[in-house]
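Here is a friendly walk through one chain, taken from a single residue out to the helices and domains. Keep the structure open beside the text as you read.

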Amino acid sequence: MWLPIQINEQSAEPLYYQIEVQLRALIVSGQLEEGTLLPSIREFAQLLKCSVITVRRVYQDLENEGLLRTKQGTGTYVARIEQNAMESYRLDAVTEALEAAVDAGKLVQCTREELAQLFQDVLERKFGG
């Protein structure tokens, strides 16, 4: 199974975190539906050209969150997620990204107004004006 996960080796973010964030997004957005069988840990590691330990950590973290379930001998599947929990995961992911963007802006001394304008510009570019 091919999953649209991209790794940026130049990123300061750990590899497992990059994979986990993208896989979580695929699940909470509904792009990976309940019951979808994911690649084995070894297979996924080969596809991503990373360590088996990295993929194992991603799967364990997402299983601990209730997004994945593993059946001994059959594999790792997308778990059933209640609609209200799905909505919460979805909005939490966006909130986390926005907080990181604000933190980045504050590091370079952007004002609240500048950040608000940048956000508005991005919204218009992505969704049309």
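## Starting from one leucine

L115 lies in helix α5, which covers residues 112-127. As this is a predicted model, everything below describes computed coordinates. Setting aside neighbours within four places in sequence, L115 is in contact with V102, G105 and C110. If you now look from L115 to N64, you cross 35 Å in space, C-alpha to C-alpha. In sequence, these two residues are 51 positions apart.

## The chain as a whole

Stepping back, the chain has five helices and two strands. Read along the sequence, these elements follow the pattern α-α-α-β-β-α-α. The C-alpha atoms fill a box of roughly 55 × 35 × 25 Å along the principal axes.

The chain is divided into two domains, with domain 1 at residues 1-82 and domain 2 at residues 91-129. Taken over C-alpha atoms, the centres of domain 1 and domain 2 are separated by 27 Å.

An annotation is also available here: an unreviewed UniProt entry lists residues 13-81 as "domain: HTH gntR-type". Over residues 13-81, the chain is 51% helix and 12% strand. The C-alpha atoms at the ends of this stretch are 27 Å apart.

## How the helices pack

Two packed helices are described by the angle between their axes and the distance between the axes. The table gives both values for three pairs.

| Helix pair | Axes come within | Crossing angle |
|---|---|---|
| α1 (residues 15-28) and α3 (residues 52-64) | 9 Å | roughly 45 degrees |
| α1 and α4 (residues 83-107) | 9 Å | roughly 140 degrees |
| α2 (residues 41-48) and α3 | 8 Å | roughly 115 degrees |

Let us take α1 with α3 to begin. The axes of these helices cross at roughly 45 degrees, which makes α1 oblique to α3. The crossing of α1 past α3 is right-handed. On the α1 side, the contact involves L15, Y16, I19, E20, L23 and R24. Facing them in α3 are T54, R57, V58, Y59, D61 and L62. By class, the contact of α1 with α3 holds seven nonpolar residues, one polar residue and four charged ones.

Next comes α1 with α4. Their axes cross at roughly 140 degrees, and that makes α1 oblique to α4. Here α1 passes α4 in a left-handed crossing. Y17, I27 and V28 of α1 make this contact with M86, Y89, R90 and E96 of α4. The residues of the contact of α1 with α4 divide into five nonpolar and two charged, with no polar ones.

What is the handedness of the crossing of α2 and α3? The crossing of α2 and α3 is right-handed. From α2, the residues I41, R42, F44 and A45 meet V52, V55, R56 and Y59 in α3. Six nonpolar residues and two charged ones make up the contact of α2 with α3, and no polar residue takes part.

## Residues to pick out on screen

Y59 of α3 is a helpful place to look, as Y59 is among the α3 residues that meet α1 and also among those that meet α2. For α1, you can follow L23 into the contact with α3 and I27 into the contact with α4. To finish where we began, L115 in α5 can be shown together with V102, G105 and C110, its contacts beyond four places in sequence.

Methods:
Residues numbered from 1 in each chain as written. Predicted model: local features only at pLDDT ≥ 70, side-chain atom pairs only at ≥ 80, totals over all residues. Heavy atoms only, no water. Domains from an automatic or database assignment. Axes fitted to C-alpha atoms, helices over the stretch in contact; angles between N-to-C directions. Helix = DSSP H or I, 4+ residues; strand = E, 2+ residues; numbered from the N terminus. Parallel < 35°, antiparallel > 145°, perpendicular 65-115°, else oblique. Left-handed = near helix turned anticlockwise from the far one by under 90°. Contact = heavy atoms within 4.5 Å. Nonpolar A, V, L, I, M, F, W, Y, C, P; charged D, E, K, R; others polar. UniProt positions renumbered as here; feature names shortened; annotations may be inferred.
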